[in-house]
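Me: I'm new to this structure and would love a close look at one part of it, with a short walk outwards from there. Could you take me through it step by step?

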Amino acid sequence: MSFHRRAVFQLLLAVAVAVAVSLPSAVHAQSAYFFPQTTDATAFETAIPTPEQFLGYPIGSRYTRHDQLVAYFQELAKHSDKISVREIGRSYEGRPLLIATVTAAGNHARLEQIRQQHATLVDPAQPRSAAGDSPVVVWLGYSVHGNETSSGEAAMLTAYYLVANRSAETQQWLQQAVVLFDPAQNPDGRDRAANWHNAWASDPASADPADKEHVEPFPQGRTNHYFTDLNRDWLALTQQDSRPKVEVFHQWYPNVQIDFHEMGKDSTYYFEPSPKSMHSPLIPAASYDFNKTLAKYHAQALDALGSLYYTGENFDNFSPVYGSTYPDFHGAVGVTVEQASSRGRVQESVNGLLTFPFTIRNQVATGLGTVRGAVTEREGLFNLQKTFFQSALKQAAQQPVKSFVFGDAHDPALTRRLLELLLLHRIEVHALDRAVTVDGQRFEAGSAYVVPVQQAQFRLVHSIFAETPPIKGDVFYGSTSYAIAPAYGVAFASSRSRIDGGVRVTTLPAEQGAVLGGLAGFAYAIDWRDYNAGRALAALQGKGLNARAAFQRFTTSTAQGEVDFAAGSIVIPVAGQPLQGAALLEAVTSAARDAGVQVHVLSSGRSREGIDLGSDGVKALRKPAVALVMGEGVAATEIGSAWFLLDQQLHLPASKLDPQQLGKASLDRYTTIVLSGGTYTGIDATAVAALKRWVQAGGSLVTYGSASKWAIEQKLAEGEKLGKDEEATDEGRRAFGDQRDIAAIERVSGNILSADVDTSHPLAFGVPRRQLAINKENTVTLQSSANAFSTVVRIDTPPRVNGYLSERNRAKVAGSAWLLVSAQGQGNVVLFADDPAHRKYWHGTDRLLINAIFFGNLVNPSKARG
């Protein structure tokens, strides 16, 4: 009998007992399955309810909703002084985000003292002795991917065991450890998955992998409300689901952090160590070596169950973007664990029947094994964290770069956003107190900041500003470049000499949104270089105001003196508006205040330099009406980034259309339709014809990645061509065992490439310089536009690469178009080679998408007069 079939038999036995005897006996039967090391029914506090007693069903017989999970943790806190539960935030759909703290009652009474004592470990100036004999801190993070649901169920069982178990060993753990539970990092995605599995569950359960219970529809439960992969948001912190837990992380600085995951049903169980090819040279070898120490306890826990597992073969461990790697950059032992997923109550696999209870039990065993290992290895973990931050200062001193400086007086929004990110990560930042020029860029006091390299958070500073360090090996699981500063597009530079800044910044300055100058006699103007200008424009158009955009720069007199306005700057004329006088001023002030932008008051349409405001170059803007295509076949994370950009940045409503609606719904109401990457073979000829008619009539179709490829193939972007064909495939003989490594080398997996942008093109308005960093995430390449004026962004030849890209792929992308416009009749197709809003922090390129939305009907090349 396979180990999965044994699991089914044991579960059925527990259910049979529940029918035949009293409830307490049934509860003990299920506890015996999940806690086989504890056979005595009296080993648990009877006053503390098991998950089954509280929920009313055996764990593993259905999927527990988030509200039930929250309620159970709160119930534990009502019955025990060993656990406290606090809400640290809310998801986008309003579900509570929790942190549960489990430790001995005596520790709870002095928890703040313990926290402060433990925090001395991350201060290089404090001796190791300052931490004394304080408890080791363990973080158990569950369900960051909402449809990897075994871990959420395991969170309840693991917490119950620690709180209710009477054994001397468990009491020792609680005396010597503070265990932090994040029971559901992604509650919106978890409920999406739980509701699906519960809705399509059969009785008896179907193990057929094709059964609807096992096949989630778009967008599935992996991601959050905006289809964000929260396991890749620890560094960028774009989501409100992520920020509260990072705040708690920096309050506690755990010594061990486990991130619970699931993988394909035909796998077994994975835990670290990871392959050496995926280790960062920024991290001391001792940190990775400790993964091997902790692995002994995970192996013991799974060996006791007879569960198969493997280690050391995959999953990245070299960037701080994941829940298991962010701790590595803070002197902790971060671990990814992956359980083969049943994606339902039971499913056929190559290993036999894989049951939901079996997957839960393995996760429980690993969680308890982690606590056991952390308590046993406490001294080594403390020494590791202490030496980690001390070595950071030594490593920083050896770096050629001594300071990073960033900031742009014309873009206070992005400058402030990058400052906010640094402060969230507890990075030391100082206000620049004098003008400096670094690498040809000038930074002004009052609008720029200095980040010293010589600081305890050096490794995180390097991750945000510097290029990915070289490593040996070519096998990568995710993106190979993760620097935030280039992606933001804000001006920054690295200095080989130390720049002494002014006052250390510890709080984020307030946004300075206002109308400067009072009531306008002629017009109000907003510089488009400010990233938040788009939000202000959307608000003004939402109030019914007429807006125009200057397609060339101009300099004019204001109450603050002469002001330069870049191409793309917004002009709100006083004349012809539905609101006048004080009412118009109030509308503009409200938009400025909400967007945090400065609006200048103009008393004349005559400019000191550049075009006058009555010029044909100051063009009337149409109010956008955007449709986002999302449904089966669409890359959820990509279209989710566009949705997030419209919702959270622009505050611009958008319609969400299923691909199958394109041939049925009237498209005339939309100015812009966005097709992200995905598979669009299901869109029939009727829908393609409808899109063509809509584009020809003046619509702007925005595509990226594989959608751009599809648009060219379907003649929607007639006249445009895909990149050059790849070189002929090597037909030579190769070793069978090298397949995985060869495939990995040829992957295009998230690289930052240098590109040239035509800043005179409307799609590039607001971009501060011709040099632009772009993200290359796929193998799609585009040839330059058939029209010489319509290639907006082109990858350099050769490109500067931040990340790991094979020579063959470098040659393929060199000189290719990354953004172009294909004029079609009265409309156009705007083709991106990749997602411009990648992972919601690529602001340097998502502003190109913003421009496509606001200026889409004005980007076709001019026709010759005659």
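Reply: Let's start with Ser319, which sits in the loop between helix H11 (285-305) and strand S7 (333-340). Please keep in mind that this is a predicted model. Ser319 has a relative accessibility of 2%, and because anything under 20% is classed as buried, Ser319 counts as buried. Leaving out residues up to four places away in sequence, Ser319 touches Thr325, Phe329 and Tyr482.

Tyr482 is a handy link to the next stop, the largest cavity. Tyr482 is among the residues closest to the centre of that cavity, together with Val321, Ser479, Arg839 and Tyr841. The largest cavity holds about 130 Å³ of space, and 17 residues line it. What kinds of residue make up the lining of the largest cavity? Eight are nonpolar, six are polar and three are charged. In the whole model, seven cavities of 30 Å³ or more are counted.

Arg839, one of the residues closest to the cavity's centre, deserves a pause. Arg839 is found in the loop between strand S34 (827-832) and helix H24 (843-855). With a relative accessibility of 24%, Arg839 counts as partly exposed. The backbone has something to show here too: phi of Arg839 is near 50°, a positive value in a residue other than glycine. As background, most residues other than glycine have a negative phi.

Asp439 also has a positive phi, of about 50°, although it is not a glycine. Look for Asp439 in the loop between strand S12 (436-438) and strand S13 (441-443). Is Asp439 buried or exposed? Its relative accessibility is 62%, so Asp439 counts as exposed.

Another positive phi leads us to a helix. Lys715, just after helix H21 (residues 706-713), takes a phi of about 65°. Within H21, the buried residues are Ala707, Ser708, Trp710, Ala711 and Ile712. These buried residues pack against strand S27 (672-675), helix H20 (685-696), strand S28 (700-704) and strand S34 (827-832).

Helix H20 contains Lys692, which has a relative accessible area of 33% and is partly exposed. Setting aside neighbours within four places in sequence, Lys692 is in contact with Gln714, Lys715 and Leu716. Lys692 and Gln714 are 22 residues apart in sequence, while their C-alpha atoms are 9.5 Å apart in space.

Arg426 offers another pairing across the sequence. Its C-alpha atom and that of Thr506 are separated by 8.8 Å, with their positions 80 residues apart along the chain. Arg426 lies in the loop between helix H14 (412-424) and strand S11 (430-431), and its 30% relative accessibility makes it partly exposed. Beyond residues up to four places away in sequence, Arg426 touches Glu247, His250, Tyr253 and Gln457.

Glu247 and His250 take us to helix H10 (243-252), one of the elements that the buried residues of helix H6 pack against. Helix H6 covers residues 111-119, and its buried residues are Leu111, Ile114, Gln117 and His118. Seen down the axis of H6, these residues fall within an arc of 125°, so they line one face of the helix. In general, an α-helix has 3.6 residues a turn, so residues three or four places apart point the same way. Besides H10, the packing partners of this buried set include strand S2 (96-102), helix H5 (105-109), strand S3 (136-141), strand S4 (177-182) and helix H13 (378-397).

Helix H10 also borders a loop with a backbone detail of its own. Pro219 is found in the loop between helix H9 (187-199) and H10, and the peptide bond from Phe218 to Pro219 is cis, with omega near 0°. The bond from Thr797 to Pro798 is cis as well, with omega near -10°. Pro798 is in the loop between strand S31 (791-795) and strand S32 (801-802). For comparison, most peptide bonds are trans.

Finally, step back to the nonpolar interior. The largest nonpolar core has 174 residues, and those with the most contacts inside it are Phe465, Tyr524, Leu628 and Val793. A second, separate core has 67 residues, including Leu55, Ala164, Ile258 and Phe382.

How values were computed. Residues numbered from 1 in each chain as written. Predicted model: local features only at pLDDT ≥ 70, side-chain atom pairs only at ≥ 80, totals over all residues. Heavy atoms only, no water. 1 Å grid on protein atoms, 1.4 Å probe; cavity = no way out; pocket = protein on both sides within 12 Å on 5 of 7 lines; lining within 4 Å. Points joined across faces, edges and corners; volume = space filled by probe spheres on them. Nonpolar A, V, L, I, M, F, W, Y, C, P; charged D, E, K, R; others polar. Core = buried A, V, L, I, M, F, W, Y, C linked by side-chain atoms within 4.5 Å. Buried < 20%, exposed > 50% of the residue type's maximum accessible area, 1.4 Å probe, protein only. Helix = DSSP H or I, 4+ residues; strand = E, 2+ residues; numbered from the N terminus. Arc of directions from axis to C-beta. Contact = heavy atoms within 4.5 Å.
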